[in-house]
Amino acid sequence: MNNEFELDSLIKKMAAGHQPELPSPGLIWWRAQILKKQQEKARIERPLIVMRMVAALVCLAIFVWLWISESASASNLFGQSGILPLLLAGAAVIIAFIGLVWWTKSEA
């Protein structure tokens with residue numbers, strides 16, 4: 001209990017002696033320059049991020065078009081068990097593409 005009292009008095013003494021100060025003008029300017037550069041970088045990289053997403057969507061659209069146009073060959077590849085394996089394979093590919101788009105978006 002004695003240690004708690006000493007700790008409490010030490011904290012009160014430190015709080016009473018603390019005088020908040022504003023940062024120097026140079027430090028404020030430096031932080032503003034860093035924020036400005038980060039905003040410029042984000043503005044410059046925004047078209048690249050959009051183009052990555054567009055490219056992923058175009059690849060997905062081409063893949064789906066090829067999948068649909070060649071579905072007869074694909075069904076022969078998976079056997080005569082019906083369309084369920086095709087749907088499962090298509091869903092797996094779509095999930096992979098969504099994950100890729102999400103991953104590239106989280107990198108930026």
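**Fold.** I read the secondary structure along the sequence and noted the pattern α-α-α-α. My tally for this predicted model is four helices and zero strands.

**Confidence.** I looked up the pLDDT next: the mean for the protein is 80, and 80% of its residues reach 70 or more. By element, helix α2, residues 25–69, has the highest confidence with a mean of 88, whereas helix α3, residues 71–78, has the lowest at 64. I keep in mind that predicted coordinates should not be read in detail where pLDDT is low.

**Surface and burial.** I recorded an exposed area of about 9,500 Å² for the protein, with 71% of it supplied by carbon and sulfur atoms. Of the 108 residues, 6% count as buried.

**Nonpolar patch.** I then listed the members of a nonpolar surface patch of about 670 Å²: Val50, Met51, Val54, Val58, Ile62, Trp65 and Leu66. I checked one of them, Val50, which is found in helix α2. Val50 is partly exposed, because its relative accessible area is 44%, a value between the cut-offs of 20% and 50%.

**Leucine 60.** I turned to Leu60, also placed in helix α2. Is Leu60 buried or exposed? I entered Leu60 as buried, because its relative accessible area of 18% is under the 20% limit. Which residues does Leu60 touch, leaving aside those up to four places away in sequence? I found Ile94 and Phe97. For the pair Leu60 and Phe97, I noted a C-alpha separation of 7.1 Å, although the two residues are 37 residues apart along the chain.

Definitions and conventions
Residues are numbered from 1 along each chain as its sequence is written. This is a predicted model: local features need pLDDT of at least 70, side-chain atom pairs count only at pLDDT 80 or more; totals for chains, interfaces and linings use all residues. Side-chain values use heavy atoms; hydrogens and water are left out. Helices (H or I, at least four residues) and strands (E, at least two) are DSSP runs, numbered from the N terminus. Buried means under 20% relative accessible area, exposed over 50%, partly exposed in between (1.4 Å probe, protein chains only). Accessible areas come from the Shrake-Rupley method with a 1.4 Å probe; for residues, only the protein chains shown count as cover. pLDDT is the predictor's confidence in each residue, from 0 to 100. Patches are made of residues with over 30% relative accessible area and no salt bridge: like charges are joined within 9 Å, nonpolar side chains (Val, Leu, Ile, Met, Phe, Trp, Tyr) within 5 Å. A salt bridge is a side-chain nitrogen of Lys or Arg within 4 Å of a carboxyl oxygen of Asp or Glu. Contact means heavy atoms within 4.5 Å.
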